[in-house]
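Let's take a walk through this one, from the ligand shell out to the strands and a helix. Have the viewer open as you read.

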Amino acid sequence: MSTRTPLMAGNWKMNLNHLEALTHVQKLAFALADKDYEAVEVAVLPPFTDLRSVQTLVEADELKIKYGAQDISRHDSGAYTGEVSGPMLAKLRCTYVLVGHSERRQYHNETDELVNAKIKAVYKHGMTPILCVGEELEVREEGNHVSHTLAQVEAGLKDIPAGQAGNLVIAYEPVWAIGTGKVCGADDAQEVCAAIRGKIAELYSQEVADQVRIQYGGSVKSGNVAEIMAQPDIDGALVGGASLDADEFVRIVRFHE
Ligand code: PEP
C-alpha cells in the first residue's frame with residue numbers, strides 16, 4: 001500500500017432514493033464509528049436528488065464520510081434543462097465529482113473534450129474531480145489498453161495547471177469489468193495504474209504524480225479488494241454495485257483488517 005491516503009468511494013449510480021440514502025449512510029457511519037478511520041477516506045456518490053439529505057446527515061452528525069456527485073454540467077447556469085451545475089454542487093458542499101464515468105461516455109456520448117470541460121468546472125468551484133478512464137474489451141484484446149487509457153488521461157487534463165492536478169483522483173475502470181463481475185487481475189490493474197502515474201509525471205512532475213490518487217474500479221468486492229489495494233500504484237477503489245450493500249461496502253472499506 002502506498003503512503004497516499006486510500007479513497008474508497010461508492011458510486012451508487014441511479015439507485016437509492018433520498019430516504020434510503022439516509023438509512024444507508026447511517027449504517028455506514030455506525031459500522032465505521034468503532035475504529036479510527038483517519039487512514040482511509042470513505043466517500044459516497046449518490047444521485048443528485050439525495051445530496052441534500054446526505055449533506056444534512058453528514059453535517060448534523062459530524063460524520064467523517066465524504067460525499068459527492070456523479071456528474072456535473074460544464075456550464076455554471078442557464079438554459080440547460082436537466083443539468084446540475086458546479087455552483088449548485090459546491091453549495092451542497094460536495095467534496096468529489098465523478099467525471100467521465102464510462103456509463104456517461106457510453107450512454108450520453110460524453111467526449112474527452114466534454115470531460116475536460118467538466119473537470120475544469122469541478123475545479124472552478126473548489127471541488128475534487130474523480131476522472132474515470134479505461135478501455136473497452138476490444139481495445140484490451142487488441143493490446144491497446146494502456147495507450148487508450150493514457151490518451152483519455154491526457155485529454156481529460158488538457159490545460160489543467162499543476163497547482164490543481166495534485167489533488168486529482170483518477171479512477172482506472174476497464175469498461176469490461178464494470179458491473180460484469182469480471183475483475184481485472186491485480187497485476188493488470190497495476191500495470192495501467194503505474195502507466196497513469198508515469199503519464200502524470202510526464203505532464204506535470206514526479207511530485208504531482210506522487211500526490212495523485214489512482215483508484216481501481218470494476219467489480220470490486222470484499223473478496224478481491226485486498227489484493228487490488230496491495231498494488232503500489234492503486235490508492236483506492238471506486239465501487240459500484242457492491243457499494244449498495246452497506247455491510248459489503250464496510251467490509252471493502254476495512255480491506256486492511
Ligand atoms: C462503477 O460504477 O464505477 C463500478 C466500478 O461498478 P461495479 O463496481 O459495479 O463494477
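Around the ligand, the shell is a mix: 5 residues are nonpolar, 7 are polar and 2 are charged. The whole thing is a predicted model, so treat what follows as computed from that prediction. Of the 14 residues around the ligand, the ones that come nearest are Ile178, Gly179, Gly217, Gly240 and Gly241.

One of those, Gly217, also belongs to strand 7, which covers residues 213-217. Strand 7 pairs with strand 6 in the parallel sense, over 4 bridges. Within that pairing, isoleucine 170 has isoleucine 214 of strand 7 as its bridge partner. Strand 6 also pairs with strand 5, again in the parallel sense and over 4 bridges, and there valine 133 stands opposite tyrosine 172.

What about the side chains of strand 6: which residues point which way? Val169 and Ala171 go one way, Ile170 and Tyr172 go the other, and all are buried. That fits the textbook picture, in which side chains of a regular strand alternate between the two faces of the sheet.

Strand 1 is a similar story. It runs over residues 7-11, and 5 of its 5 residues are buried. Leu7, Ala9 and Asn11 point one way, while Met8 and Gly10 point the other. Strand 1 has pairings with strand 2 and with strand 8.

Here are the pairings side by side:

| Strands | Sense | Bridges | A facing pair |
|---|---|---|---|
| strand 1 and strand 2 | parallel | 5 bridges | alanine 9 and alanine 43 |
| strand 1 and strand 8 | parallel | 4 bridges | glycine 10 and valine 239 |
| strand 5 and strand 6 | parallel | 4 bridges | valine 133 and tyrosine 172 |
| strand 6 and strand 7 | parallel | 4 bridges | isoleucine 170 and isoleucine 214 |

Now for a helix. Helix 7 takes in residues 145-156, and at 1.5 Å a residue its 12 residues should span 16 Å; the end C-alpha atoms are 16 Å apart, so the two agree.

Which residues of helix 7 are buried? They are His145, Thr149, Gln152, Val153 and Gly156. Looking down the axis of helix 7, these buried residues fall within an arc of 100 degrees, so they line one face of the helix. The spacing rule behind this is a familiar one: an α-helix has 3.6 residues a turn, so residues three or four places apart point the same way.

And what covers that buried set? The cover over the buried residues of helix 7 includes helix 5, helix 6 and helix 9, along with strand 5 and strand 6.

Notes
Residues are numbered from 1 along each chain as its sequence is written. This is a predicted model: local features need pLDDT of at least 70, side-chain atom pairs count only at pLDDT 80 or more; totals for chains, interfaces and linings use all residues. A residue is near a molecule or strand if its C-beta atom, placed from the backbone, lies within 6 Å of it. Ala, Val, Leu, Ile, Met, Phe, Trp, Tyr, Cys and Pro count as nonpolar, Asp, Glu, Lys and Arg as charged, and the others, Gly among them, as polar. A residue is buried if 20 or more other C-beta atoms lie within 10 Å of its own, exposed if 12 or fewer, and partly exposed in between; C-beta atoms are placed from the backbone. Helices (H or I, at least four residues) and strands (E, at least two) are DSSP runs, numbered from the N terminus. Two strands pair if DSSP finds at least two bridges between them. The expected span of a helix is 1.5 Å times one less than its number of residues. The arc is that of the directions from the helix axis to the C-beta atoms. Two residues are in contact if their C-beta atoms, placed from the backbone, lie within 7 Å.
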